[in-house]
Amino acid sequence: MASRLDKKVALVSGGSRGIGRAICAALAREGAAVIVNYHSDEEAAQSTLEELLRHGGGHGLVKADVGSYEEVRAMMGRVESEHGRLDVLVNNAGVHRGGRVQHLAVEDWDLVLRTHLYGSFYCAKEAVPLMRAAGGGRIVNVVSVVGARGFPGDSAYASAKAGMIGMTRSLALELVRYRILVNAVAPGYGATGMTEGLSEEGREALQNMVPMGRPAEPEEVASLVLFLSGPEASYVTGATYAVDGGILA
């Protein structure tokens, strides 16, 4: 019996760790050839690739800073030359820098916006021609509940993720004519790098916001990304789905 993503090629940015790694594994289990994008942690990327190869398939690694348009263009060129197509793009790469607005360094603001928002735009811009040539595709943007409701000391991260939500809606309307469906998944507390720069007090405040009383697991986010990448989601575009234990309820 054929798997849901047999003969499909998927690129996951920031795919070497955490949510990204779980997404790569979920797509690979369903038959996709998964290209794992990573920025600097080659050891983690190689470990992820080894996990994927246990599922079979023509998986690969590509090192690129998604905040650099030139590096994204080179990455997509490799995808085209080595795989000949692209069916699924998951914009997951991210970085967190927090701080109250008067203390947040301009360089940190720039880094967060460039990695999340600019990076997602760059990847989508270069992926669309490949998807059109393949007859359609899926773009899934990994955003955050913080982009929908905000959080003190997280203006850069919230702004970047809110921008990605707006881009998801616009691209969905723009690309539907080419059978390219665009959706977003918004993890809540525990499943993103959002908490790395927060104080213990901040992490406790986030935990207390979760009605289910526990953090999300990466696999719980990955399962929704898999759904949106597969044939069952053929009538879904422009939507943002929260995986947050009820934070946005």
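Contact here means heavy atoms within 4.5 Å, and that idea will help at several stops on this tour. The model you have open is predicted.

**Stop 1: helix 6**

Start by selecting residues 155–175, which form helix 6. How far apart are its end C-alpha atoms? They are 29 Å apart, and this agrees with the 30 Å that 21 residues should span at 1.5 Å a residue.

Now colour the buried residues of this helix, which include A156, Y157, A160, K161, M164, T168, L171 and L175. An α-helix has 3.6 residues a turn, so residues three or four places apart point the same way. To see what covers the buried residues of helix 6, show strand 4, helix 4, strand 5, helix 5 (146–149), strand 6 (180–187) and strand 7 (240–243), which are among the covering elements.

**Stop 2: strand 4 and its partners**

Next, select residues 88–91, which make up strand 4. Are its two faces covered or open? Both are covered: V88 and V90 are buried on one side, and L89 and N91 are buried on the other.

Add residues 9–12, which are strand 1; this strand pairs with strand 4 in the parallel sense over three bridges. Look across from L89 in strand 4 and you will find L11. Then add strand 5, residues 137–142, which also pairs with strand 4 in the parallel sense, over four bridges. Here N91 stands opposite N141. To follow the chain from strand 4 to strand 5, trace it through helix 4 (residues 106–134); this β-α-β crossover is right-handed.

**Stop 3: the nonpolar cores**

Which residues touch the most other members of the largest nonpolar core? Select I23, L27, V34, V90 and V185, the ones that do so in this core of 33 residues. At least two core residues come from each of strand 1, helix 1 (18–29), strand 2 (33–38), helix 2 (42–53), strand 4, strand 5 and helix 8 (218–229). Helix 1 gives the largest share, eight residues.

Zoom in on I23 to see its surroundings. Leaving aside neighbours within four places in sequence, I23 is in contact with V12, V90, N92, V142, A222 and V225. A separate core of 28 residues lies apart from this one; to find it, select L86, Y122, L130 and A172, which are among its members.

**Stop 4: two cysteines**

Select C24 and C123 together. How many disulfides does the structure hold? There are zero. The closest cysteine sulfur to that of C24 belongs to C123, but it is 13 Å away, too far for a bond. A disulfide would need the two sulfur atoms within 2.5 Å. C24 is buried, with a relative accessible area of 0%, and C123 also counts as buried, at 0% relative accessibility.

**Stop 5: two residues with positive phi**

For the last stop, select K7, in the segment before strand 1. K7 is not a glycine, yet its phi is positive, at about 70°. Is K7 buried or exposed? K7 is exposed, with a relative accessible area of 77%.

Finally, move to R179, in the loop between helix 6 and strand 6. R179 is a residue other than glycine with a positive phi, near 60°. With a relative accessible area of 62%, R179 is exposed.

Notes: Residues are numbered from 1 along each chain as its sequence is written. This is a predicted model: local features need pLDDT of at least 70, side-chain atom pairs count only at pLDDT 80 or more; totals for chains, interfaces and linings use all residues. Side-chain values use heavy atoms; hydrogens and water are left out. Buried means under 20% relative accessible area, exposed over 50%, partly exposed in between (1.4 Å probe, protein chains only). Two strands pair if DSSP finds at least two bridges between them. A crossover is right-handed if, with the strands pointing away from the viewer, the path from the first strand over the helix to the second runs clockwise. The expected span of a helix is 1.5 Å times one less than its number of residues. A nonpolar core is a set of buried Ala, Val, Leu, Ile, Met, Phe, Trp, Tyr and Cys residues joined through side-chain atoms within 4.5 Å.
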